[in-house]
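Thank you all for coming. I would like to use these few minutes to walk through one protein model, going from the overall fold down to some individual residues.

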Amino acid sequence: MSDALEDGRRFRVLNVIDDFSRECLAAVVDTSIGGARVARELDLIAELRGYPCMVVSDNGTELTSNVMLKWQEDRNVDWHYIAPGKPLQNGLVESFNGRMREECLNEHLFPSLRHACRTIAAWRADYNHTRPHSSLAGLTPYEYAIRSKEYQTLNRANLYKADSQGSRSSVFD
């Protein structure tokens, strides 16, 4: 996404959305966001969440650069580029971007890049932590992600059985 400061200088916003939880994992704001910056931001997210199996994106130059091609190869992450001119192939992100544009970017004048960063970060926090989504059974994206982790832990616990000495073995052994 892009917008402008009060003085007319342009800035960009790179939004990274988790398709499963609808959580906005990052909203990177800067005057320029190249492939190296995207790679660094994705590595920062991966430190907290792990690397995804697949990333879906448009064909922006920062996402098709040699830096990004090497990043995905080095980390064994599949990358799917939507067809040019077909934004609905990534409808969740398009919906999120439209909401951010309507509720945040169009509602504020940004005197500085620092102000834009703070305002967008506050909007992102509100989106992730206080807004229930009907597609997530009325949970916020953050609650849905946490709940899913708890369920994954429960499911993993059910894969093991204890023998008479208390040792655990897989139910598939």
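I will begin with the fold, then turn to one helix, two strand residues, a group of aromatic rings and finally two backbone angles.

Please keep in mind throughout that this is a predicted model, and that the values I quote were computed from it. The protein contains 5 helices and 7 strands, and if you follow the sequence from its start, these elements come in the order β-β-β-α-β-α-β-α-α-α-β-β. The protein has 173 residues, of which 35% count as buried, and it exposes about 10700 Å² of surface, with carbon and sulfur atoms supplying 51% of that area. As for how the chain meets itself, if we consider contacts with a separation of 6 or more, 49% of them join residues that are 24 or more positions apart.

Let me now take helix α4, which covers residues 113-129. Its 17 residues should span 24 Å at 1.5 Å a residue, and since its end C-alpha atoms are 24 Å apart, the model agrees with that expectation. Which residues of α4 are buried? They are Ala 116, Thr 119, Ile 120, Trp 123, Tyr 127 and Asn 128. Looking down the axis of α4, we find these buried residues within an arc of 165°, and therefore they line one face of the helix.

Next come two residues in strands. Val 28 lies in strand β3 and, at 6% relative accessibility, it counts as buried, because the cut-off for that term is under 20%. Setting aside residues up to four places away in sequence, Val 28 touches Arg 12, Val 13, Leu 14, Ile 33, Arg 37 and Glu 41. There is also a long-range relation to mention, in that Val 28 and Ala 121 are 93 residues apart along the chain, while their C-alpha atoms are separated by 8.9 Å.

Ser 57, for its part, belongs to strand β4, residues 54-57, and is buried with a relative accessible area of 6%. Apart from neighbours within four places in sequence, Ser 57 is in contact with Leu 63, Trp 79, His 80, Tyr 81, Ile 82 and Asn 90.

Two of those partners, Trp 79 and Tyr 81, bring me to the aromatic rings. The structure holds 8 aromatic pairs. In one of them, the rings of Trp 71 and Trp 79 have centres 6.1 Å apart and planes at 90°, so this pair is edge-to-face. Trp 79 also pairs with Tyr 81, this time in a tilted arrangement with 6.0 Å from centre to centre and 35° between the planes. Trp 71 is buried at 4% relative accessible area, and Trp 79 is buried at 14%, whereas Tyr 81 is partly exposed at 23%. Together with Tyr 51, the residues Trp 71, Trp 79 and Tyr 81 make up one aromatic cluster.

I will finish with the backbone. Where does Arg 22 lie? Arg 22 sits in the loop between β2 (10-17) and β3 (24-30), and its phi is near 70°, a positive value in a residue other than glycine. Asn 76 likewise is not a glycine and has a positive phi, of about 55°; its place is the loop between α2 (66-74) and β5 (78-81). Arg 22 is partly exposed, with a relative accessible area of 22%, while Asn 76 is exposed at 67%.

Conventions:
Residues numbered from 1 in each chain as written. Predicted model: local features only at pLDDT ≥ 70, side-chain atom pairs only at ≥ 80, totals over all residues. Heavy atoms only, no water. Helix = DSSP H or I, 4+ residues; strand = E, 2+ residues; numbered from the N terminus. Buried < 20%, exposed > 50% of the residue type's maximum accessible area, 1.4 Å probe, protein only. Contact = heavy atoms within 4.5 Å. Areas by Shrake-Rupley, 256 points an atom, 1.4 Å probe, with all protein chains shown as cover. Expected span 1.5 Å × (residues − 1). Arc of directions from axis to C-beta. Phe/Tyr/Trp six-rings, centres within 6.5 Å; stacked < 30°, edge-to-face > 60°.
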